[in-house]
Amino acid sequence: MKLDRPTIQQATIELLNEDGLDALSMRTLAKKLDVKAASLYFHIKNKNDLMVLISELVSERVYERLQKIDDADFYVLAHIMREELKRIQDSPRIFEITFPFTPFRSRLIELALSQFRDMGVDESHLTMVGNMGNNFVLSYVSDEQYFARVPDQKMPANLPEQLLSPIDMANPDDAFDYGLDIFMAGVDVKVKQAK
């Protein structure tokens, strides 16, 4: 098998979707690709580099989809990001543990910051607002993936009945929109207060 970046990325995604991030190793990837580990190390230095490849692939997919949409705002960016993250098990964790300034991730960051700037967020708060928006999407998808894997997990009995899980798994799209609306409304209120 010819080893190249797309082949390595696809095999990594398959392994992540089968067994998750904790089970992924350079050894399991080499086995999946039916190559010797030494051949794999010629292309990828270590597991961290592998994770960077995956986060950059997700970022590239998001960026390319956004380029096809006129006047995409943060709502659109967040929805596309969620959809692409959901395609790969544990991808929110991968984003959390990898360097965020690869080429396509940097473009997404610049795009999000530009959108918040256009909303009126002042320069001194742009990074914080962008980080909060990013964290909302990552943590939502992380919870969504977790509760999809372990649907029988229940909250402690002493909590109110309406707190069965951190997100509404019966209506995850509605719950995502609701949380995103709360975040964006909060940003809007702070922008108006600053004027």
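## Chatting about pockets and a helix pair

Tutor: Let's start with the largest pocket in this predicted model. Helices α5, α6 (91–97), α7 and α8 (123–149) each supply at least two residues of its lining.

Student: Cool! Which helix gives the most to that lining?

Tutor: That's α8, with eight residues in the lining of the largest pocket.

Student: And how much space lies in the largest pocket?

Tutor: About 490 Å³. The pocket is lined by 23 residues, and the closest to its centre are Pro100, Ile109, Gly130, Asn131 and Asn134.

Student: What's the lining like by class?

Tutor: The lining of the largest pocket has 13 nonpolar, eight polar and two charged residues.

Student: Okay, new topic. How do α5 and α7 cross?

Tutor: The axes of α5 (residues 74–86) and α7 (residues 103–119) come within 10 Å and cross at roughly 150°. An angle over 145 degrees counts as roughly antiparallel, so that is how α5 and α7 run relative to each other.

Student: Which residues meet there?

Tutor: From α5, Phe74, Leu77 and Met81 meet Leu108, Leu111, Ala112, Gln115 and Phe116 of α7. By class, this contact has seven nonpolar residues, one polar and no charged ones.

Student: Back to pockets! What's the volume of the second largest one?

Tutor: The second largest pocket has a volume of about 240 Å³. It is lined by 14 residues, with Val121, His125, Val129, Lys190 and Val191 nearest its centre.

Student: Where does the largest share of that lining come from?

Tutor: From α9 (172–194), which gives seven residues to the lining of the second largest pocket. By class, that lining divides into eight nonpolar, four polar and two charged residues.

Technical notes. Residues numbered from 1 in each chain as written. Predicted model: local features only at pLDDT ≥ 70, side-chain atom pairs only at ≥ 80, totals over all residues. Heavy atoms only, no water. Axes fitted to C-alpha atoms, helices over the stretch in contact; angles between N-to-C directions. Helix = DSSP H or I, 4+ residues; strand = E, 2+ residues; numbered from the N terminus. Parallel < 35°, antiparallel > 145°, perpendicular 65-115°, else oblique. Contact = heavy atoms within 4.5 Å. Nonpolar A, V, L, I, M, F, W, Y, C, P; charged D, E, K, R; others polar. 1 Å grid on protein atoms, 1.4 Å probe; cavity = no way out; pocket = protein on both sides within 12 Å on 5 of 7 lines; lining within 4 Å. Points joined across faces, edges and corners; volume = space filled by probe spheres on them.
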